[in-house]
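Here is a short set of exercises to work through with the sequence and the coordinates open. Try each task yourself before reading its solution.

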Amino acid sequence: MKSFIITILLTLVSMTGHGEIKCHVVGTVADGVKRQTFYVAQQGTADDDDAKWTEIKVKDGHFALDIEAETTEMYEIIEDHKEGGHFALFLVENDTVRITITPDDEGARLDVVAGGPEQEKWLEMQRMSKGLFGQEAEMIESKLDSLEDNDLLDTPEGRKLVQAHDSLKARIDAWMKAYKADHPMLYGLLYLEVGMLYAYDDINEARPYLDEYHQLYEHLFPKHPAHRRIALKELGLQLQPGQPYFNDYEAATADGEKVSVGTLYRGRVTLIIMWASWCNSCRGHAKLLIPLYEKYHDAGLNVVAIAREWNMKSFRLAMKRDKYPWPSLVDYQDCFGVWEKHAKKNGSGKFLLIDRDGTILSTSFDAQELEPIIKKALNIE
């Protein structure tokens, strides 16, 4: 059951927590915006869990929302949390956040125009950046749009403009980084965390965010829980071939019994399968590995499957339908944070092959690619 109360009266919605932060969010929706329902959640916490999203209904061009939280965190307001769409990020502080929603060619444009002290530091940086680079950026983007509409991007003029666009972006990024170094802001730390979140488990994509974190933010706001989450993300990103796997972590059986997962894979050639009943791609890849498991199980191939679930009925139905020959552990409602430990909190599963010594041999889910690696690990000629 949803842990929040939606009150339609005056379109005032309450997201109730137990913390000291009380934030009031107000929105103005311009004429011409067709969508009259939006969704709000703390960034990076909701995923496919519908209960963690608050539905906001617009009435007479306005909406309001009260949020209580334990500490200042980044929140997201989005057109549709299932289908995606435009979104805006804002900080929950002891203050009022103001959001405007205006018509856009592809739906609605969401802008945070005012907020608490930390939000205002970020908005000021954005205003200064626009003043310095906005006119040049608009000119380049307008010309690029025109060339793209006429299929002329792959011309000397088009390539020159693309180069100018990339050069301008590099200048803006350098300016912003220097500005943030001189003006420490909590928004900057949490914005970096968002970037790392959507790098999923790609260490190369996450590297620029991690570098900036260690250069600018590692010792700032030391009590904020973002540091713990980023450290966990960094550990998970290091789970690459050639690197050691975890010594141990916990999950539960389908009956709810807590298990030290390390006891199931230590000293064995093991395929770790992180899947979920709601993750169609995970299930598809896992089913394709069944013949591989059946072929090499007697020779020593071990499988440890762990499902990230919100609904145990859906989990049991998926197990029955997919006919996995192995049992599966469960991380129900992220109780053990298994996917977060593997840098996949907002991703879609993970597959790791580890050897008897606990070294990661592969992160592939392709049976053809895995077979020779498995044979070598099992000393099969």
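## Exercise 1: The chain as a whole

Of the contacts in the chain between residues at least 6 apart in sequence, 64% join residues at least 24 apart. Keep in mind that you are looking at a predicted model.

**Task.** Describe the secondary structure, extent, burial and surface of the chain.

**Solution.**
- Step 1: begin with the secondary structure, which comes to eleven helices and 17 strands.
- Step 2: take the principal axes and box the C-alpha atoms; the result is roughly 65 × 60 × 45 Å.
- Step 3: turn to burial. The chain has 381 residues, and 48% of them are buried.
- Step 4: finish with the surface. About 20100 Å² is exposed, with carbon and sulfur atoms supplying 50% of it.

## Exercise 2: Charges and a surface patch

**Task.** Find how far apart the mean positions of the positive and negative charges are, then say which residues form a negative surface patch.

**Solution.**
- Step 1: count the charges. The chain carries 44 positive and 62 negative ones.
- Step 2: compare their mean positions, which are 4 Å apart.
- Step 3: list the patch. Glu-138, Glu-141, Asp-145, Glu-148, Asp-149 and Asp-151 form it.
- Step 4: pick one member and place it. Asp-145 belongs to helix α1, which covers residues 117–149.
- Step 5: check that Asp-145 qualifies. Patch residues need over 30% relative accessible area, and Asp-145 has 43%, making it partly exposed.

## Exercise 3: A salt bridge between two helices

**Task.** Is Glu-212 buried or exposed, and which residue forms a salt bridge with Glu-212?

**Solution.**
- Step 1: locate Glu-212 in helix α4, residues 203–217.
- Step 2: read its accessibility. The relative accessible area of Glu-212 is 13%, so this residue is buried, the cut-off being under 20%.
- Step 3: look at the surroundings. Setting aside neighbours within four places in sequence, Glu-212 is in contact with Lys-177, Lys-180, Leu-192 and Tyr-217.
- Step 4: identify the partner. Lys-180 forms a salt bridge with Glu-212, and their closest N and O atoms are 2.8 Å apart.
- Step 5: see what the pair connects. Because Lys-180 lies in helix α2 (residues 156–182) and Glu-212 in helix α4, the bridge ties together parts that are 32 residues apart in sequence.
- Step 6: complete the picture with Lys-180, which is buried at 10% relative accessibility.

## Exercise 4: Two more pairs

The structure holds 17 salt bridges; here are two further ones to examine.

**Task.** Work out which helices hold Arg-229 and Glu-193, and how exposed or buried Asp-154 and Arg-159 are.

**Solution.**
- Step 1: take Arg-229 and Glu-193, whose side chains meet in a salt bridge at 2.5 Å, N to O.
- Step 2: assign the helices. Arg-229 lies in helix α5 (residues 226–237) and Glu-193 in helix α3 (residues 186–197), so this pair joins parts that are 36 residues apart in sequence.
- Step 3: check burial; both Arg-229 and Glu-193 are buried.
- Step 4: extend the pair. Glu-73 is linked with Glu-193 and Arg-229 in a network of salt bridges.
- Step 5: move to Asp-154 and Arg-159, whose salt bridge spans 2.7 Å, N to O.
- Step 6: classify these two residues. Asp-154 is exposed at 65% relative accessibility, while Arg-159 is partly exposed at 44%.

Technical notes. Residues numbered from 1 in each chain as written. Predicted model: local features only at pLDDT ≥ 70, side-chain atom pairs only at ≥ 80, totals over all residues. Heavy atoms only, no water. Patch = residues over 30% accessible without salt bridge, like charges linked within 9 Å, V, L, I, M, F, W, Y side chains within 5 Å. Areas by Shrake-Rupley, 256 points an atom, 1.4 Å probe, with all protein chains shown as cover. Salt bridge = Lys/Arg side-chain N within 4 Å of Asp/Glu carboxyl O. Lys, Arg positive; Asp, Glu negative; His and termini not counted. Charge placed at Lys NZ, Arg CZ, Asp CG, Glu CD. Helix = DSSP H or I, 4+ residues; strand = E, 2+ residues; numbered from the N terminus. Buried < 20%, exposed > 50% of the residue type's maximum accessible area, 1.4 Å probe, protein only. Contact = heavy atoms within 4.5 Å.
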